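Let's take a walk through this structure together. Please have the sequence and the model open side by side as you read.

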Amino acid sequence: MPLDPQRFLDDLRKLRSFGASGVGKGVVRQAYSDADIAARKWLAGRMKKAGLEPHFDPLGNLFGLAAEKSLLLGSHSDSQPEGGWLDGALGVAAGLEVARAAREAGGPPISCVSFQDEEGRFGVLTGSDVWTGKLALAEADGFADNTGNTLADMRAQIAEQAGDFLPHSRFSGFLEMHIEQGPYLEETGLRLGVVTDIVGIRDMRITFEGRQNHAGTTPMHLRRDAFQALSAFNAVLNSRFANVVTPATVWTIGHVALHPNASSVVPGRVEFSMQWRDADAGRLARMEAIIEDTAQEIAASHGVTAKLGPVMGIEPAAMAARFQVELADAAEALAPSKWQKMPSGALHDAANLATVMPAGMLFVPSIGGISHAFDEDTDEADLVLGLKVLDRAALALAV
């Protein structure tokens with residue numbers, strides 16, 4: 001197929017301009033922001049120009065449709081609050097170029113997609129969660145972001161252009177190209193990773209409610225300090241996980257909101273996020289039980305109450321065997337001995353798509369292993385190599 005790597009890179013750079021941070025190549029393009037909506041409208045225009053039929057569904061997932069039955073390629077184009085220019089956007093631009101080249105050459109039908117809110121402003125992989133049936137739209141509409149906006153409010157901005165949800169049966173499978181978002185490929189001198197499986201993830205909010213009081217006059221033994229409870233929770237949790245986790249297991253307290261967040265006030269409340277990831281569903285469940293028990297025990301010992309929110313997340317997902325084979329064959333043909341099969345420690349839309357159709361993923365290196373940051377980057381030669389491997393595998397899978 002007549003791939004045009006320069007056209008692909010130009011599209012990728014143009015996409016970066018929507019929400020450009022002004023710091024390096026970084027972007028600020030959260031789901032449903034003005035920058036995100038503008039980027040999706042631009043993408044829809046590029047799809048139409050390529051001879052594909054643009055289709056927005058009720059969530060704002062944007063498809064570029066080639067035929068009644070086709071292979072689907074893509075990723076997401078929303079970003080973290082401080083995001084990199086390649087996370088998600090790479091897979092969208094690559095999917096568009098492969099689909100466009102296939103159409104120009106009279107090749108097999110290939111469609112492309114940019115899923116909405118993969119980065120979790122309102123949930124976890126919200127766009128593909130709803131499209132694959134994992135999450136009901138009515139439930140998702142009630143989700144709120146950190147500033148109180150609901151998903152329903154944000155969706156109202158795109159209501160005029162939204163069509164129906166597309167049936168899964170319209171697509172024969174899904175391929176997603178992505179930066180690794182970790183250091184392994186670069187550290188080992190490899191240029192490509194063929195993903196074998198995507199780890200499962202669990203995410204919940206926990207609140208410790210104590211007693212706000214004067215920091216100068218309240219004796220230490222009478223305090224019901226919410227932050228001290230959080231500090232103790234973190235230390236005890238790490239020790240209790242020691243005999244349960246593996247070297248590949250990760251857990252993170254990533255968002256902390258302390259109230260009233262003042263230097264002369266004993267904190268009366270702290271709300272924080274708790275996230276954990278592993279490829280084994282049983283281990284994820286054991287970690288959940290440890291988290292819940294530890295939170296209640298720490299609350300009792302520190303004179304605070306613990307409120308545990310609902311656990312959200314996604315199950316570990318294996319990539320389809322045939323898709324792995326075709327990606328591996330393409331990688332070996334174009335970069336002999338410079339690729340390896342590997343799991344994904346990051347969550348991707350492909351994990352959801354794997355529940356309704358065969359799915360596969362291809363990684364290219366991240367410079368310094370950096371992602372979810374303004375200085376996220378990948379060598380252009382690796383971007384183009386990934387595009388060519390994706391194209392070769394798509395051609396074999398789309399027939």
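What follows goes from the core to the helices, then to the strands and finally to some individual residues. Keep in mind throughout that this is a predicted model.

A good place to begin is the interior. In soluble globular proteins, nonpolar side chains tend to be buried together. Here, the largest nonpolar core has 55 residues, and those with the most contacts inside it are Phe8, Leu12, Leu90, Leu175 and Leu383. Take leucine 90 as your viewpoint: setting aside neighbours within four places in sequence, leucine 90 is in contact with Phe8, Leu12, Met177, His178, Ile179, Val364 and Leu383. There is also a second, separate core of 28 residues, which includes Phe115, Val195, Ala350 and Met357.

Some of the names from the largest core come back when we turn to the helices. Two packed helices are described by the angle between their axes and the distance between the axes. For helix H1 (residues 5-16) and helix H3 (residues 89-104), the angle is about 140° and the axes are 9 Å apart. Their crossing is right-handed. On the H1 side the contact is made by Arg7, Phe8, Asp11, Leu12 and Leu15. H3 brings Ala89, Leu90, Ala93, Ala94, Leu96, Glu97, Arg100, Ala101 and Glu104 to this contact. Sorted by character, the residues of the contact are 9 nonpolar, no polar and 5 charged.

Now for the strands, starting with a hairpin. Strand S1 (residues 53-56) and strand S2 (residues 62-65) run antiparallel and are joined by 4 bridges. Within this pairing, proline 54 is placed opposite glycine 64 of S2. The hairpin has 5 residues between its strands, and there glycine 60 takes a positive phi near 100°.

Glycine 60 also appears around a residue of another strand. Serine 114 is found in strand S4. Is this serine buried or exposed? Serine 114 counts as buried, because its relative accessibility is 0%. Leaving out residues up to four places away in sequence, serine 114 touches Arg40, Leu43, Gly60, Asn61, Leu62, Ser75, His76, Ser77 and Val92.

Moving on past S4 (110-115), you reach glycine 120, in the loop between that strand and helix H4 (126-131). Glycine 120 has a relative accessible area of 28%, so it is partly exposed. Its C-alpha atom is separated by 15 Å from that of alanine 350, although glycine 120 and alanine 350 are 230 residues apart along the chain.

Which strands pair with S12? Strand S12 (residues 269-278) is itself mostly covered, with 7 of its 10 residues buried. Strand S7 (residues 200-209) pairs with S12 in the antiparallel sense over 10 bridges, and in that pairing phenylalanine 208 has valine 270 as its bridge partner. Strand S9 (residues 250-252) is antiparallel to S12 as well, over 3 bridges, with threonine 252 partnered by glutamine 275. Strand S10 (residues 256-259) is joined to S12 by 4 bridges, again antiparallel, and histidine 259 stands opposite arginine 269.

Stay at histidine 259 for a moment. The peptide bond from this histidine to proline 260 is cis, with omega near 5°. Proline 260 lies in the loop between S10 and strand S11 (265-266). With a relative accessible area of 27%, proline 260 falls between the limits for buried and exposed, and is therefore partly exposed. Not counting residues up to four places away in sequence, proline 260 touches Gln212, Val265, Val266, Pro267 and Gly268. For a longer view across the model, compare isoleucine 158: its C-alpha atom and that of proline 260 are separated by 36 Å, with their positions 102 residues apart along the chain.

Two more loop residues round off the tour. Serine 337 has a positive phi of about 65° although it is not a glycine. You will find serine 337 in the loop between helix H10 (321-334) and strand S16 (339-344). Serine 337 is exposed, because its relative accessible area is 60%. Histidine 372, likewise a residue other than glycine, has a positive phi near 55°. The loop that holds histidine 372 runs between strand S17 (359-364) and helix H12 (380-398). Here the relative accessible area is 40%, so histidine 372 is partly exposed.

Notes: Residues numbered from 1 in each chain as written. Predicted model: local features only at pLDDT ≥ 70, side-chain atom pairs only at ≥ 80, totals over all residues. Heavy atoms only, no water. Core = buried A, V, L, I, M, F, W, Y, C linked by side-chain atoms within 4.5 Å. Buried < 20%, exposed > 50% of the residue type's maximum accessible area, 1.4 Å probe, protein only. Contact = heavy atoms within 4.5 Å. Pairing = 2+ DSSP bridges. Helix = DSSP H or I, 4+ residues; strand = E, 2+ residues; numbered from the N terminus. Axes fitted to C-alpha atoms, helices over the stretch in contact; angles between N-to-C directions. Left-handed = near helix turned anticlockwise from the far one by under 90°. Nonpolar A, V, L, I, M, F, W, Y, C, P; charged D, E, K, R; others polar.
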